[in-house]
Amino acid sequence: MIQKLVISLKKQPIWLILLGMIVLSSVFIPGFLSFGNFSNVLVQSAVDGMLALGMTFLMINGYFDLSVGTVMGFTAALAIGLQPYGLFVAVVVALLAGAVIGAINGFFVAKAKINAFIVTLGSFIGVRGLIYIYTGEQALVGDIMEFGMFGASSFLGLPTLFVIMFVLMLIAEFVLRKTPHGRYTYSIGGNIEASENAGIPVDRTIWLNFIICGLTAAAGGVLLASRLNAATPTLGWPDKNLMTIAVVVLGGTSLAGGYGNITRTLGGLFTFGVLYNILNLLGVQSYYNTLITGIVLILVVYIDAHIRKNKVSIG
Amino acid sequence: MEETAATTARVLEASGISKTFPGVKALENVSLTLNKGEVLSLVGENGAGKSTLTKVLSGLYRTDHGVGSIKLNGELVHFQNAKEAKDHGLITIFQELSLVKGLTVAENVFLGNLPRTKFNLIDWHTLREQTRNILAEMGLDISPDELAGDLSISKQQMVEIARAFTLGAKVLIFDEPTSSLTETEKEILFKIIHTLREKGVGIIYITHKMDEVFEISDRITVLRDGKNSGDLNTSTAKLDDIISLMIGRVIDDYFHKNEAEKGKEILRVEQLSSAGLFKDINFSVRQGEVVGLYGLVGAGRTELAETIFGARPVTSGKVLIEGQDVRIKDTGDAVRLGLGFVPEDRKEKGVVLKMSCIENTSIAKLPWMSNYGFLREKEEKEIFKEYKDKLSISTPSPQQQVVKLSGGNQQKIVIAKWLCLNPRLLILDEPTRGIDVGSKAEIHKLIAKLAESGIAVIVISSEMPEIMGVSDRIMTMREGKISGEFTGDDITEQNLITAIAHVN
C-alpha cells in the first residue's frame, strides 16, 4: 500500500512539490496552517477545478479548448440573469448553453477537421460578444438569496462548491479509467491513426469530449455565480482560458495527448491554489502573483520533463 | 587490378561496411565503388540493405563501431550527420522530397547559402541570375520565381537536383527517383542524369525497375540479405543474371504451406476503383485461403487494402462480404463486418505506443467489452493472457507499454487485436517489415495457422520469398491495376518480377 503510494507519487511529481510547499509554508508562514485558510483555498479552487476537469478530457484526447473561461463567464451571467424564470431554469439553461458551445467547437474540430486552436479561439472571441450582448455590459445581481447561500455553504465541514467539484472529479477519473469512452480518449490522444485502424469511433469521441469540456466550463460558471450571487461581463477575462490549460499542464497531463489523468489535474489545481494563497498571506502584490505564477508553471513543467526524460524514452 | 588509372577516377570507395540493428544484421561487410562520371545501379530485393547502405553513405546512420571505411576522392571520411556528408559533396535525393514548399525555386536551390548583399541582406538579383543559369545549364524549363509547392512532383525533384548541383555534388544518390514520375518526366530525368555524368558527377541509382537499370547505368552492384552478391557491367549483363543474384536462395523450409480446406467465398471485390490510386480491381478470397498481393511500392496495394477496410473512400465498384453487397463507410463498419487490417506502419497505425499490452490487444474489441458502460477489465486481462500464450508474445508484464517491446512482439499484439474479434477476413500489410528473422518465421507460421482456422487472409508484401512462401495464390499489382495472377507452379520469381516491373 505504502509502496504503491510511493510509486504513484514518483509518477506524479506535482504532489511531491505540493507537499513540500505545504510543509514549508506551515513552518514559515503564520496563519497558513489553519482550517479556515485551507477552506479558503478549497473554495477558490472549486471553479477552476471544474474548468480543468473538462480540459483534462480534451487534452488527453490530444486537443484543447481556449474558450472555457469565456464560457464560464457567459454561463455565470445566464445563471444569474435567468433567475426571474426560476433557479432551475436558470441553471439548466446555463449548463445547456455550455454543452451547445462545446458541441459547436467539437463539430468543427472532429467533423470539419478544422484546427482546434482556430475553432476555440473563434468561440472564445464570439462568446465574449454574447456576454456583452446578453448583459448589456452591466453587472447582474441575483435575486434568489438561496443561490448565494448555497455558494457559501458547507457540507461535512468542507465548502459545498469544492465537494461538488471533488465528487465530479472522482466520477471523471472513473470514466477515464473504467469506461470505453475513457479508453478511446487515451487511445485517440496516443495515436489517432491506430485508433482509426482499430475501428473505434474517433470523431464521436472527440466531439463528446468537447461537449464534456463545454459542460464542465458551464458548471464552473454556475458555481462561480452562486459564490458571487452576481455576474459581471468580464468574468474569466482575460486569462482564465489559458490558466485552465496551465493547471492541467502543471499537473503533468501532456499537451501532446494520450497521457495524464484527473488526479494529476487535482495536484496542479492545488499547487496553484496554495501558491496564490501563500503569496496572499505574504502580502505580495497581485502583479507579482501573476509573474510568479508564470515562472512556476514553466519551472515545474521543465522539472517534470527532465524527470520523465530520464525515466521513459518517449516524449 | 589496374590500380593507378582506376583510383584516380574513383570518387567513392566504401569497404567493409556493417550495420547492425537490434536483432538484425542489416549490412554485413558490404563494399561499393563508384567512379567519376559513372552511373552505378544499386539493386536488390526489399530488405537487401539498399536503403541502409544509402543512409550510411549519406551520414544518417553510422556504421558498427570501428568497422569499415568510406573514402571520398581518396580521402577517408567519417560523417557524423547528413550535413557533413552534404558539405563533402555526397548528396542523396530521397523519395520524400525535402523542398520548402512556401519558398520560391531560387530560394530552395540556394537554401542555406543564399547570396548576400554588402548589408547582409539577401541579394535577390544574384539569386535569380544564378538560379536561372543553373536551371539553364541543366536544361530545365522552370522559373526561379515559382513557388516550389506549385510545381509538379517531377519538377520539384529537378529543383532538388539543382540544389545538389549548387552544393557541388561529387556523388549523387537517387533513391527510386522514378517511382512517382510519368514516362515523359522520366525521360527528362534521365537527360539530367546524363548531363551530370558528363560533368563528372558519380551517380548511384537505386531502383527496382530493371529496364531503367539497363537504360541508365554503366555498372550494377547487387545486394542480397545485407551482403554483396555481385558486380556486373551493364553492357554485358543479362536480366536473368541480375535476378538470380538478387534472389539466389531457395525458399526456406520455415515457410509453412497452408494445407487448409478452402471454404466459402468471404470477400469479393468487383470493379473497385479509387480515383488516382487504382482502377477496376476484381478478385475474391475464400475461407482458409491466403492470397498474396505483390508489387512495387506505389503500385496501389496498400491503398486497395485500406479502401476495402473503409479507411479510404470508394470511387466506384463493389465490395461483397459473403455475397452481400456491403457499403463500408468507415473502419468501424469494417470491424463490425469481421474485417481486420494489420497495417504496414506498425508504430504509426498499428499500436498506441504509450498504452499497455493489454490495452492495445483489446482496443478494437472495446465496443463489445462493457457492461452498463463499464469495461470488463477482468475479461480484458484474460484475452491478453490467452493470446500471449497462443502467439507466444514475450513481455515482462501485461502492463508494459508496447513502445518497449520488440517489433515482432508489437506485431503479434496487432494480430492478437484482430484475432480476439474472430475475424472473417484479415489483411496483413508487410507483416514482417522491421522484424528480426526469428520472429519473421513465427509470423509466417501464424499466417498459415490463421488460414487453417478458417480465416480468409490477404498478405501484402514486397519481399518475394515471403509472398511465395505464404500464399496459395498471388496477384501482382502494377500502377494501380492487377497485372497478373499466379497459382501453383506458375508462382515463380521470374513470373512475379516480370508481372510487377517494366521488363521488355
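Start with chain A as a whole: for its 315 residues a compact globule would have a radius of gyration near 20 Å, and chain A agrees with that at 19 Å. Keep in mind as you go that this is a predicted model.

**Stop 1: all of chain A**

Show chain A as a C-alpha trace and turn it along its principal axes, where the trace spans about 55 × 55 × 35 Å. Switch to cartoon and you can count 14 helices and four strands. Now colour by burial: 51% of the 315 residues of chain A count as buried. If you draw the contacts with a separation of 6 or more, 79% of them in chain A come from residues 24 or more positions apart.

**Stop 2: two helices side by side**

Next, select residues 68–81 of chain A, which are helix H4, together with residues 116–135, which are helix H6. Two packed helices are described by the angle between their axes and the distance between the axes. Here the angle is about 20 degrees and the axes lie 8 Å apart. Angles under 35 degrees count as roughly parallel, so H4(A) and H6(A) are roughly parallel to each other. Look along the crossing and you will find that H4(A) passes H6(A) in a left-handed sense.

Bring up the side chains where the two meet. From H4(A), pick Thr70(A), Val71(A), Gly73(A), Phe74(A), Ala77(A), Leu78(A) and Gly81(A). Their partners on H6(A) are Phe124(A), Val127(A), Arg128(A), Leu130(A), Ile131(A), Tyr134(A) and Thr135(A). Colour this contact by residue class and it divides into nine nonpolar, four polar and one charged.

**Stop 3: Met72(A)**

Stay on helix H4 of chain A and centre on Met72(A), which is found there. Is Met72(A) buried or exposed? Its relative accessibility is 1%, and buried means under 20%, so Met72(A) counts as buried.

Which residues does Met72(A) touch, leaving aside neighbours within four places in sequence? Select Val47(A) and Leu51(A), then Ala217(A), Gly220(A), Gly221(A) and Leu224(A), and finish with Leu235(A), Gly236(A) and Lys240(A). For a longer view, draw a C-alpha to C-alpha distance from Met72(A) to Ser8(A): the two are 64 residues apart in sequence and 32 Å apart in space.

**Stop 4: over to chain B**

Finally, move to chain B and select residues 301–308, helix H10, which is mostly covered, with eight of its eight residues buried. The buried residues include Arg301(B), Glu303(B) and Glu306(B), along with Leu304(B) and Ile308(B). Just beyond, pick Gly310(B), which follows H10(B) and has a positive phi, near 85 degrees.

Conventions
Residues are numbered from 1 along each chain as its sequence is written. Chains are lettered from A and ligands numbered from 1 in the order in which they are written. This is a predicted model: local features need pLDDT of at least 70, side-chain atom pairs count only at pLDDT 80 or more; totals for chains, interfaces and linings use all residues. Side-chain values use heavy atoms; hydrogens and water are left out. Buried means under 20% relative accessible area, exposed over 50%, partly exposed in between (1.4 Å probe, protein chains only). Axes are lines fitted to C-alpha atoms, for helices over the stretch in contact, and angles run from 0 to 180 degrees between N-to-C directions. Angles under 35 degrees count as roughly parallel, over 145 as roughly antiparallel, 65 to 115 as roughly perpendicular and the rest as oblique. A crossing is left-handed if the near helix is turned anticlockwise from the far one by less than a right angle, and right-handed if clockwise. Contact means heavy atoms within 4.5 Å. Ala, Val, Leu, Ile, Met, Phe, Trp, Tyr, Cys and Pro count as nonpolar, Asp, Glu, Lys and Arg as charged, and the others, Gly among them, as polar. The radius of gyration is taken over C-alpha atoms; the globule rule is 2.2 Å times the number of residues to the power 0.38.
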